[in-house]
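Here's a quick tour for anyone meeting this structure for the first time. Have a look at it before reading on.

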Amino acid sequence: MHLVLGHLQDACCAGVLARLEARGLPARLMATPLESPARFAWRLDGDGLTTHFALDDGPSIDIDSVLVRSTGWIDPDGWEPADHAYMQSEFQAALLAWLAGLNCPVVNRSSAALWYRPLNPLLVWQPLLRRCGLLAPETVVTDDPDTAYAFGGRLEAAGVPGAVCTSLTRDIAWLVGRSDWIGLAAVQGRTPVCLVEPHGQTRPACIVGREVIWESSPSPEEISLEPGLLSLAAEAGLNFLEVATASSRRGLAVVLVEPLPRLDHFDPVTREKILDTLTDLLAPSHRVQEARP
Amino acid sequence: MILVAGGIADKVTELVCARLNDCGYAHRFLDLGRYPSGHGIAARWAGAGPEGSIHGPDWQVDLADIGGVYVRFLGPEGRLLPADLAPATATTLRAEADTALMALLEDLPCPVVNRLGGGMSNNSKPYQALLLTRAGFRVPPTLVTNDPDAARAFLAEQGELIYKSASGIRSIVRRLDPEQVDRLGLLRNGPAQFQRFVPGQDVRVHTVGERLFATRVRSKAVDYRYARRDGLAVEMEATELPASVASACRRIARDLELLHAGIDLRETPEGDWYCFEVNPCPGFLYYERQTGQPISTALAELLHNGVAAVPKQTGVAALR
């Protein structure tokens with residue numbers, strides 16, 4: 001049985017599920033796999049790790065692969081808030097260990113660090129990007145208005161108007177220009193702000209296994225990034241990772257790292273390729289070779 | 001220069017500062033109870049690690065001059081929010097400030113006690129148990145399940161069980177007594193973690209870089225941390241570890257890129273050693289006071305001696 005952990009509204013879940021079923025493979029979509037009516041047992045002892053999983057009161061099933069698109073939020077209905085928070089933590093802890101112990105393809109088999117902090121801003125990825133030889137846009141984090149203003153001045157002198165003020169906790173950003181520095185200084189009276197060098201148009205790419213999938217043909221400069229992008233995914237322990245690149249003053253830079261790739265960032269043709277490659281990763285012995293030209 | 005970030009009322013942080021003073025090692029204190037109020041960051045990433053400075057109410061340090069960082073993040077109860085902002089706004093701004101500080105500390109090239117990433121495994125005890133076995137530890141037979149029948153079968157097989165939370169939420173370790181066995185049907189509401197009860201004496205190991213401080217704990221309590229609550233005594237003394245156990249302690253700390261960790265072990269009457277968990281932010285004060293083991297001095301030396309004194313932290317564990 002191939003398990004897809006997530007929701008049908010997620011095009012990635014729906015697409016992979018459809019492909020697995022089209023290949024005649026048993027597949028099941030589940031939002032919270034360790035919740036009743038499913039039964040599971042994860043056991044670690046001197047003989048190693050064993051896991052058992054049943055969809056209901058029936059017999060245990062063999063799991064052939066798991067696509068993880070959700071960490072399994074349980075419905076709060078019927079729970080006291082404190083009990084729900086506790087039980088949510090227990091489910092998440094159990095699911096992380098269960099996925100880590102499965103002896104089949106799991107995409108992504110997350111580390112604890114990414115499992116519990118999946119929404120890291122680009123700033124947090126900087127050490128790993130450097131380690132993989134990848135550029136990131138110049139970034140300043142400061143609560144000092146003069147430092148912020150000087151950064152804006154350097155960018156302007158280099159012909160780059162404004163700076164991008166980026167939230168470190170939410171997926172929002174604003175372009176701040178010359179008229180915005182006073183308002184920015186007011187925010188800096190309360191918290192450091194993150195300012196990023198504006199970049200050119202973004203180009204998304206998706207790393208699936210050992211393949212980097214670009215929208216349309218990659219340029220030579222983009223191809224030259226591929227070893228670094230593959231290292232990035234490998235170092236992070238991920239085999240499904242979205243990045244976006246864009247031109248910066250110092251060259252082609254990575255401007256987004258997303259361990260939960262979003263298909264709506266890609267055009268329809270690229271989406272299909274990502275889903276096909278992802279499905280191959282989950283069911284490698286069931287590739288539909290004859291369907292390809 | 002050493003940067004200490006923590007709560008002014010946190011006794012472990014207070015001890016670290018006191019020990020740095022005793023040793024004559026210069027340090028600056030970043031008060032996380034008030035941060036970001038009264039503190040500031042000016043850091044720039046331009047192809048390399050961060051450059052710039054960090055400052056407190058009456059001090060400023062160039063990031064390049066920071067040779068070591070000791071950090072103990074606080075829960076919300078230890079934090080002051082500005083009174084002139086709506087709580088939701090203040091909480092949002094503080095989260096921004098915290099993320100900025102964490103990202104900065106994670107990316108400093110000096111020893112950081114501790115970087116966040118490696119410690120995240122403590123939020124899933126069974127996941128961490130897997131890592132412990134890979135590091136060479138023996139862990140008690142463990143079952144995580146939502147299946148009452150599986151729990152009953154495990155009990156019948158193992159004889160005596162304890163249960164505790166699988167997550168990082170602190171729970172008191174309890175034996176599975178007949179009353180609890182009657183409630184196993186409730187597992188259908190959510191999973192729980194069971195372990196074979198392992199008799200013996202607890203040994204807490206604190207790692208500081210490659211140095212180990214092992215403390216033997218004598219108590220009749222199942223969970224000695226709560227012994228006094230149950231009217232039971234606790235005695236502690238410094239002890240030695242077998243070479244293989246010491247090696248596993250160093251390995252798990254290295255694997256998790258933790259320069260300082262608290263490792264919970266138990267030695268059975270037969271001389272077998274079991275590991276229960278690794279705490280990435282250990283409150284070692286209790287053990288140091290009971291035994292006189294120089295844990296805080298070792299920490300001070302590690303922070304002072306910088307990169308030459310510790311295993312290389314790549315920072316990759318933050319994401320791996």
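What follows looks at one helix and then at some unusual backbone spots.

This is a predicted model, where local features need pLDDT of at least 70, side-chain atom pairs count only at pLDDT 80 or more, and totals for chains, interfaces and linings use all residues. Residues are numbered from 1 along each chain as its sequence is written, while chains are lettered from A and ligands numbered from 1 in the order in which they are written.

Let's start with helix 5 of chain A, residues 145-157. (Helices are DSSP runs of H or I with at least four residues, strands are E runs of at least two, and both are numbered from the N terminus.) Which residues of helix 5 of chain A are buried? They're A:Thr147, A:Ala148, A:Phe151, A:Gly152 and A:Leu155. These cover an arc of only 140° around the axis (taken from the directions from the helix axis to the C-beta atoms), which puts them on the same side of helix 5 of chain A. Over on the other side, A:Asp146, A:Gly153 and A:Ala157 are exposed. Buried means 20 or more other C-beta atoms within 10 Å of a residue's own, exposed means 12 or fewer, and partly exposed is in between, with C-beta atoms placed from the backbone. Just past the helix, A:Gly159 has a positive phi of about 85°.

Now for the backbone oddities. Most residues other than glycine have a negative phi, and most peptide bonds are trans. Here are some exceptions:

| Place | Feature | Value |
|---|---|---|
| B:Tyr35 to B:Pro36 | cis peptide bond | omega near 10° |
| B:Val113 and B:Asn114 | cis peptide bond | omega about -5° |
| A:Ser216 | positive phi | near 55° |
| B:Glu257 | positive phi | about 55° |

A:Ser216 is exposed, with 9 other C-beta atoms within 10 Å, whereas B:Glu257 is buried, with 23.

Terms used:
Expected span 1.5 Å × (residues − 1).
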